[in-house]
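Work through the exercises below with the model open beside you. Try each task before reading its solution.

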Amino acid sequence: LPSVKIGGPCSSVAYYYRKNYQNLEHFTQFIDNTNCALDFYSFHVYDYLHWDRTKNDFTGRVTTGLPVAGVLDALNNYAVNTYGTEIKMVISELGGYVSDNESKKMVESLGRIYFPGSGFEWDMQVKSIHDFIKVSSAIANTMVFMDHPHMIEKAVPFIILESFGWDPQYGASLLVADNYTDKSNWYESELVNFFQFFAGVDGRRVKGFCSDPDIQFHSFVNQNELLLVMNNMSNHSESLQFDIPDQDRISKISVRRFGRQN
């Protein structure tokens, strides 16, 4: 029989960094109550964004990036200092959301500005605005979890294959039935960009450094390929200069970019 691992509490939040980490007690109490003996501990990581009229952009409660990295480090330090052992983590859901009805209406308004039209195709284009927010958060969080391989057992972006049976228009669906009714013809939502961004990222981790603290950075070597994976966490464009050994031996460069146009 396959082994069964037991964990929890699958908390719906991860913002234990708030109030100068005073909120961390909510999770460390669960570790204490289970004597730090579960196979893994778990929570969800979401960014909850709203439309900020002064900034003309989506802002809000962002847990992605350094905040969740700090929580992981704090929890592991607590476990080591208190119980003499590290803990394993399962991030059972992650992503980003537009969190209030007014901001959701703003998504539709932006859709009318940037994607003139109507009907199902227009709906999918409007959905792409929200999809961008979800995928951006998921990419940033995944980059954090890649920095914690000693802790992270699994991290799952909240992207489901399809939801036709209970809500054909559900926002987290990767596949959407044509006109929400035709199951013989499926369309990929822009959530597929999460998987396309990381497609082919494989190999062995190699040392790489980025002096810009706003840039998440990983580097891998896979056979004769060097893969540099970067994510800009700031709200403005960044310029980078690469310093790669033996650059004269590079025969081909390809770039894959995920982002918003101006």
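**Exercise 1. Place Asn56 and describe its backbone.**

Step 1. Asn56 sits in the loop between strand E2 (40-52) and E3. Strands (E, at least two residues) and helices (H or I, at least four residues) are DSSP runs, numbered from the N terminus.
Step 2. Asn56 is not a glycine, yet its phi is positive, about 55 degrees.
Step 3. Check the confidence. This is a predicted model: local features need pLDDT of at least 70, side-chain atom pairs count only at pLDDT 80 or more, and totals for chains, interfaces and linings use all residues. Residues are numbered from 1 along each chain as its sequence is written, and side-chain values use heavy atoms, with hydrogens and water left out.
Step 4. pLDDT is the predictor's confidence in each residue, from 0 to 100. Its mean over the protein is 92, and 99% of the residues reach 70 or more. Among the elements, strand E3 (residues 57-61) has the lowest mean, 87, and helix H2 (residues 25-33) the highest, 96.

**Exercise 2. Find the cis peptide bond.**

Step 1. Look at Gly8 and Pro9: a cis peptide bond joins them, with omega about 5 degrees.
Step 2. Assign Pro9 to its element. Pro9 belongs to strand E1 (residues 7-11).

**Exercise 3. Analyse the hairpin of E6 and E7.**

Step 1. Strand E6 (residues 175-178) pairs with strand E7 (residues 182-188) in the antiparallel sense, over four bridges. Pairing requires that DSSP finds at least two bridges between two strands.
Step 2. Find the residue opposite Val176: in E7 this is Tyr187.
Step 3. Inspect the turn. Three residues lie between the strands, and Asn179 takes a positive phi near 55 degrees.

**Exercise 4. Map the sheet of E8, E9 and E10.**

Step 1. Read the order. The sheet is open, has three strands in the order E8-E9-E10, and pairs antiparallel.
Step 2. Name the edges. They are strand E8 (204-205) and strand E10 (225-232), each pairing on one side only.
Step 3. Count the bridges between strand E9 (residues 215-222) and E10: there are eight. Val221 has Leu226 in E10 as its bridge partner.
Step 4. Add the helix. Helix H5 (residues 119-146) lies across E8, E9 and E10, at about 60 degrees to E9. Axes are lines fitted to C-alpha atoms, for helices over the stretch in contact (heavy atoms within 4.5 Å). Angles run from 0 to 180 degrees between N-to-C directions.

**Exercise 5. Characterise the second largest pocket and the largest cavity.**

Step 1. Set the terms. On a 1 Å grid over the protein atoms alone, a cavity is a set of points where a 1.4 Å probe fits but cannot get out. A pocket is an open set with protein on both sides within 12 Å along at least five of seven lines. Lining residues have an atom within 4 Å of a point. Grid points are joined across faces, edges and corners, and a volume is the space filled by probe spheres set on the points.
Step 2. The second largest pocket holds about 590 Å³. It has 22 lining residues; closest to its centre are Val126, Lys127, His130, Gln169 and Gly171. H5 gives the most to this lining, eight residues.
Step 3. The whole structure has one cavity of 30 Å³ or more. The largest cavity has a volume of about 70 Å³. Its 13 lining residues include Leu94, Gly95, Lys134, Phe158 and Ile159, the closest to its centre.
Step 4. E4 and H5 each give two or more residues to the cavity lining. E4 gives the most, with four.
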